[in-house]
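Welcome, and please open your viewer. We will go from stop to stop, selecting a few residues at a time.

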Amino acid sequence: RTVYVNGQYLPEEEATVSIFDRGFLMADGVYEVTSVLGGKLIDFAGHAARLERSLKELDMEKPEAFDDLLEIHRELVARNGIEEGMVYLQVTRGNPGDRDFAFPDPATTKPTLVLFTQNKPGLADNPQAQKGIKVISIEDIRWGRRDIKTVQLLYPSMGKMMAKKAGCDDAWLVEDGFVTEGTSNNTYIVKDGKIITRNLSHDILHGITRAAVLRFAKEAQMVVEERPFTIEEAQGADEAFFTSASAFVMPVVEIDGNPVKEGKVGPVASRLREIYLDESR
Ligand code: PDD
């Protein structure tokens, strides 16, 4: 696989980053995941805009190649022959040559930019989307700026492991009694035809897939209500699902061992997945 590091396309074995890189030492970095379907990038502009916002919120410099990001994405997709999969991009505050909590001077320390592709054939025809997935709920103990897409992914990884241990696929995070989001996705329920999803704030990532799906839902005359909901409300809903760049629209059929309705994939989630894939291809 060919990867990109700071201006160079290299075989993955030859790509290196310093041990002093603040991404490595401090999780001082942000990322984006853009999916590829039929060799085409989905919603690149949305991901680039969110990346720019994440950098700004953390007072991090834009990498020199910021204006070439689309071209770099396309080049990697072409070189690696990606039909279905994703492009991962990460920017860190770079390598100050030592360990220090204070941010380095941006005049001397340039951000590190890394991109690589992941080949995922069968992403669109994922059999899990037919069956639906099972989730557990866990407390959301992440930091308070989840709207910034940082590489601090330890707790989401732990949540994923807690889910696996419980025989489930993912975890929904709960703060003050209300669902914030999934470990790596935005969460929704459907009740009496209405789509309910948490409103945007610092509490959740402003999903690019979320924005697209809500737009398609409104275009299809579906009613959308943006507000927090509880696990109990989700368990008593007609449907539940989540969205992300890597899973698109994914139905959830069981929460903490309780089936959502009859524990089957519902029509709203199926339709939204279909519309999303149709519009993206
Ligand atoms: N995760 N919420 C969290 C915490 C996420 O990590 C993600 C994405 C989302 C959905 O955002 P989007 O629709 O823009 O992908 C919501 C990516 C896919 C990941 O970490 O792999």
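Start where the two halves meet: 20 residues of domain 1 are in contact with twelve residues of domain 2, where contact means that C-beta atoms, placed from the backbone, lie within 7 Å. This is a predicted model, in which local features need pLDDT of at least 70, side-chain atom pairs count only at pLDDT 80 or more, and totals for chains, interfaces and linings use all residues. Residues are numbered from 1 along each chain as its sequence is written.

**The meeting side of domain 1.** Select β3 (29–37), α2 and β5 (85–92), the elements that give two or more residues to the side of domain 1 that touches domain 2. Helices (H or I, at least four residues) and strands (E, at least two) are DSSP runs, numbered from the N terminus. With eight residues, β3 gives the most to this side. Its make-up is eight nonpolar, eight polar and four charged residues; Ala, Val, Leu, Ile, Met, Phe, Trp, Tyr, Cys and Pro count as nonpolar, Asp, Glu, Lys and Arg as charged, and the others, Gly among them, as polar.

**Both domains.** Now colour 2–119 as domain 1 and 128–280 as domain 2, bounds that come from an automatic or database domain assignment. Their C-alpha centres lie 26 Å apart.

**A helix residue.** Next, pick L55 in helix α2 (residues 44–57). Is L55 buried or exposed? It is buried, because 20 other C-beta atoms lie within 10 Å; the cut-offs are 20 or more for buried, 12 or fewer for exposed, and partly exposed in between. Leaving aside residues up to four places away in sequence, L55 touches V30, M60, K62 and V91.

**The core.** Select A240 and V252, which have the most contacts inside the largest nonpolar core, a set of 56 residues. Such a core consists of buried Ala, Val, Leu, Ile, Met, Phe, Trp, Tyr and Cys residues joined through C-beta atoms within 7 Å. Strand β14 (residues 248–255) gives the most to this core, with six residues. Domain 1 and domain 2 each supply at least three residues to this core.

**The ligand.** Move on to the ligand, which 14 residues surround, the closest being L205, G207, I208, T209 and A245; a residue counts here if its C-beta atom, placed from the backbone, lies within 6 Å. Highlight α6 (208–219) and β13 (239–244), the elements that give two or more residues to this shell.

**Last stop.** Finish at E279 in helix α8 (residues 267–280). E279 is partly exposed because 13 other C-beta atoms lie within 10 Å.
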